[in-house]
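Student: Hey, got a minute to walk through this fold with me? I'd like to go residue by residue where it helps.

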Amino acid sequence: MSQVAVYGFCWYKPEQWQRLREIVDDPDDIEDTHEEWKKGANKAIAEFQSQGIQVKKVSINVEELLAWCNERGVPVNGESRSEYVTDILRQRSNK
């Protein structure tokens, strides 16, 4: 039985969007509003799925993301957000 790759996708709550923008190291790389981000995120997810890639939306608590990055001494940027969501999925699969 072959393993299906699952792509974890950070999913942010509208009420936490401004806080996310305050803590990220790369504010120019993320959208100004949650609505803009959500539109782009849904488009990206649809593109992944059209290529046969399974996507799992992972609800992100911004303060927990910040704590995770601080524990590892890494900036809150695209790379660390990807690592964080992968870490969450790994923990869930080991339960």
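Tutor: Sure, one definition to begin with: buried means under 20% relative accessible area, exposed over 50%, and partly exposed in between, with a 1.4 Å probe and protein chains only. This is a predicted model, where local features need pLDDT of at least 70, side-chain atom pairs count only at pLDDT 80 or more, and totals for chains, interfaces and linings use all residues. Residues are numbered from 1 along each chain as its sequence is written, and side-chain values use heavy atoms, leaving out hydrogens and water.

Student: Okay, so is glutamate 15 buried or exposed?

Tutor: Glutamate 15 is exposed, because its relative accessible area is 61%. You'll find glutamate 15 in the loop between S1 and H1. Those labels come from DSSP runs numbered from the N terminus: helices are H or I with at least four residues, strands are E with at least two.

Student: How far apart in space are glutamate 15 and lysine 38?

Tutor: C-alpha to C-alpha, glutamate 15 and lysine 38 are 13 Å apart, with their positions 23 residues apart in sequence.

Student: Switching to the inside. Which residues have the most contacts within the largest nonpolar core?

Tutor: Phe9, Tyr12, Leu20, Trp37, Ile60, Leu65 and Val76 do, in a core of 25 residues. A nonpolar core here is a set of buried Ala, Val, Leu, Ile, Met, Phe, Trp, Tyr and Cys residues joined through side-chain atoms within 4.5 Å.

Student: And which elements give two or more residues to it?

Tutor: Strand S1 (6-12), helix H1 (17-23), helix H2 (34-50), strand S2 (54-60), helix H3 (62-72) and H4 each do. H3 gives the most to this core, five residues. As background, nonpolar side chains in soluble globular proteins tend to be buried together.

Student: Let's zoom in on phenylalanine 9. Where is it, and is phenylalanine 9 buried or exposed?

Tutor: Phenylalanine 9 sits in strand S1. At a relative accessible area of 13%, phenylalanine 9 is buried.

Student: What does phenylalanine 9 touch?

Tutor: Not counting residues up to four places away in sequence, phenylalanine 9 touches Trp37, Ala41, Ala44, Ile45, Phe48, Val55, Lys56, Lys57, Val58 and Val85. Contact means heavy atoms within 4.5 Å. Take lysine 57 from that list: phenylalanine 9 and lysine 57 are 48 residues apart in sequence, yet 4.9 Å apart in space, C-alpha to C-alpha.

Student: Now arginine 81. Buried or exposed?

Tutor: Arginine 81 is buried, since its relative accessible area is 9%. Arginine 81 is in helix H4, residues 78-93.

Student: Which residues is arginine 81 in contact with?

Tutor: Leaving aside neighbours within four places in sequence, arginine 81 contacts Cys10, Tyr12, Leu20, Val24, Asp26, Ile30, Leu65 and Val76.

Student: How do H3 and H4 pack?

Tutor: Their angle is about 105 degrees, with the axes 11 Å apart. That makes H3 roughly perpendicular to H4. On the terms, axes are lines fitted to C-alpha atoms, for helices over the stretch in contact, and angles run from 0 to 180 degrees between N-to-C directions. Under 35 degrees counts as roughly parallel, over 145 as roughly antiparallel, 65 to 115 as roughly perpendicular and the rest as oblique.

Student: Which residues make that contact?

Tutor: From H3, Glu64, Leu65, Trp68, Cys69 and Arg72, and from H4, Ser80, Arg81, Glu83, Tyr84 and Asp87. By class, the contact of H3 with H4 has four nonpolar, one polar and five charged residues. For those classes, Ala, Val, Leu, Ile, Met, Phe, Trp, Tyr, Cys and Pro count as nonpolar, Asp, Glu, Lys and Arg as charged, and the others, Gly among them, as polar.

Student: How many salt bridges does the structure hold?

Tutor: Seven. A salt bridge is a side-chain nitrogen of Lys or Arg within 4 Å of a carboxyl oxygen of Asp or Glu. Glu71, Arg72, Asp87 and Arg90 are linked in a network of them.

Student: Can you break that network down for me?

Tutor: Glutamate 71 pairs with arginine 72, the closest N and O atoms being 3.5 Å apart. Aspartate 87 and arginine 72 meet at 3.8 Å, N to O. That pair links distant parts of the chain, with aspartate 87 in helix H4 and arginine 72 in helix H3, 15 residues apart. Arginine 90 and aspartate 87 meet at 3.6 Å, N to O, and both lie in helix H4, three residues apart, about one turn of the helix.

Student: Which of the four are buried or exposed?

Tutor: Glutamate 71 is exposed at 64%, arginine 72 partly exposed at 41%, and arginine 90 partly exposed at 46%. Aspartate 87 is buried, with a relative accessible area of 15%.
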